[in-house]
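Here is a short briefing on one protein chain. Look over the sequence and the 3D view, then work through the points below.

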Amino acid sequence: MIEIYTDGACRGNPGPGGWGALLRSGKHEKELWGGEADTTNNRMEMTAVIESLKALKRPSEVILTTDSQYVRKGITEWIAGWKRKNWKTSAGKPVKNADLWREIDKLAAGHKIDWRWVKGHSGHAENERVDELANRGIDELQAG
């Protein structure tokens with residue numbers, strides 16, 4: 001069983017953004033983070049999920065916790081309809097961030113994932129930690 005915690009951050013939306021992830025298996029932990037110069041908060045939330053799933057070396061049982069309802073609902077509720085409608089919304093418009101949704105869908109297929117949501121900035125220890133990692137991603141990007 002692998003626990004994954006993810007978060008994304010943006011300074012301005014769009015603007016410079018960062019993502020952070022914590023992977024935990026038993027007593028072993030791995031922190032991941034990065035940044036992009038011009039992005040959105042939702043893209044950073046999704047990138048954190050993508051990078052954490054890419055870090056898994058074999059098919060795994062995963063509990064993935066995010067503070068993004070966009071990510072959790074997108075992957076558990078909305079994506080099936082988007083795929084049926086050829087990546088269009090119910091209003092017939094192209095799905096935003098379809099490139100990242102496709103990547104998450106492809107990466108998630110190799111694992112058994114329990115997608116969970118936690119309220120952001122509510123004192124949840126791991127969520128606070130990945131928020132710090134996401135902000136580190138922005139800080140390091142801006143430091144050059």
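Helices (H or I, at least four residues) and strands (E, at least two) are DSSP runs, numbered from the N terminus. The model is predicted: local features need pLDDT of at least 70, side-chain atom pairs count only at pLDDT 80 or more, and totals for chains, interfaces and linings use all residues. Residues are numbered from 1 along each chain as its sequence is written, and side-chain values use heavy atoms, with hydrogens and water left out.

**The sheet**

- Two strands pair if DSSP finds at least two bridges between them.
- Here, 5 strands form an open sheet in the order 3-2-1-4-5, with mixed pairing.
- Strand 3 (28–39) and strand 5 are the edge strands, and each pairs on one side only.
- From one strand to the next, the twist averages 20°.
- Strand 1 pairs with strand 4 in the parallel sense, over 5 bridges.
- Along this pairing, I2 stands opposite V62, and T6 stands opposite T66.
- Strand 4 and strand 5 also run parallel, joined by 6 bridges.
- There, L64 of strand 4 faces W115 of strand 5 as its opposite residue.
- In strand 4, 5 of the 6 residues are buried (under 20% relative accessible area; exposed is over 50%, partly exposed in between; 1.4 Å probe, protein chains only).

**Helices on the sheet**

- Axes are lines fitted to C-alpha atoms, for helices over the stretch in contact; angles run from 0 to 180 degrees between N-to-C directions.
- Helix 1 lies across strand 1, strand 2, strand 3, strand 4 and strand 5, and runs at about 150° to strand 1.
- Helix 2 packs on the sheet and touches strand 4 and strand 5 (contact means heavy atoms within 4.5 Å).
- The direction of helix 2 makes about 140° with that of strand 5.

**Helix 1 and helix 3**

- These two helices pack at an angle of about 25°, with their axes 10 Å apart.
- Helix 1 and helix 3 are therefore roughly parallel to each other. Angles under 35 degrees count as roughly parallel, over 145 as roughly antiparallel, 65 to 115 as roughly perpendicular and the rest as oblique.
- Residues making the contact include M46, I50 and L53 of helix 1 and W101, I104 and L107 of helix 3.
- In helix 3, A98, L100, W101, I104, L107 and A108 are buried.
- The buried residues of helix 3 pack against helix 1, helix 2 and strand 5.

**The nonpolar core**

- A nonpolar core is a set of buried Ala, Val, Leu, Ile, Met, Phe, Trp, Tyr and Cys residues joined through side-chain atoms within 4.5 Å.
- The largest one has 31 residues, and I4, L53, L64, W101, I104 and W115 touch the most other members.
- Among the elements that each supply at least two core residues are strand 2 (15–25), helix 1 (41–54) and helix 2 (69–84).
- Leaving out residues up to four places away in sequence, L53 touches I4, L64, I104, L107, A108, H111 and I113.

**Two residues in helix 4**

- Helix 4 (residues 125–143) holds E128, and N127 lies in helix 4 too.
- Is each one buried or exposed? N127 counts as buried, at 3% relative accessibility, while E128 is partly exposed, at 25% relative accessible area.
- Beyond four places in sequence, N127 touches T6, D67, V118, K119, G120 and H121.
- With the same neighbours set aside, E128 is in contact with H121, S122 and G123.
- E128 and K30 are 98 residues apart along the chain, and their C-alpha atoms are separated by 15 Å.
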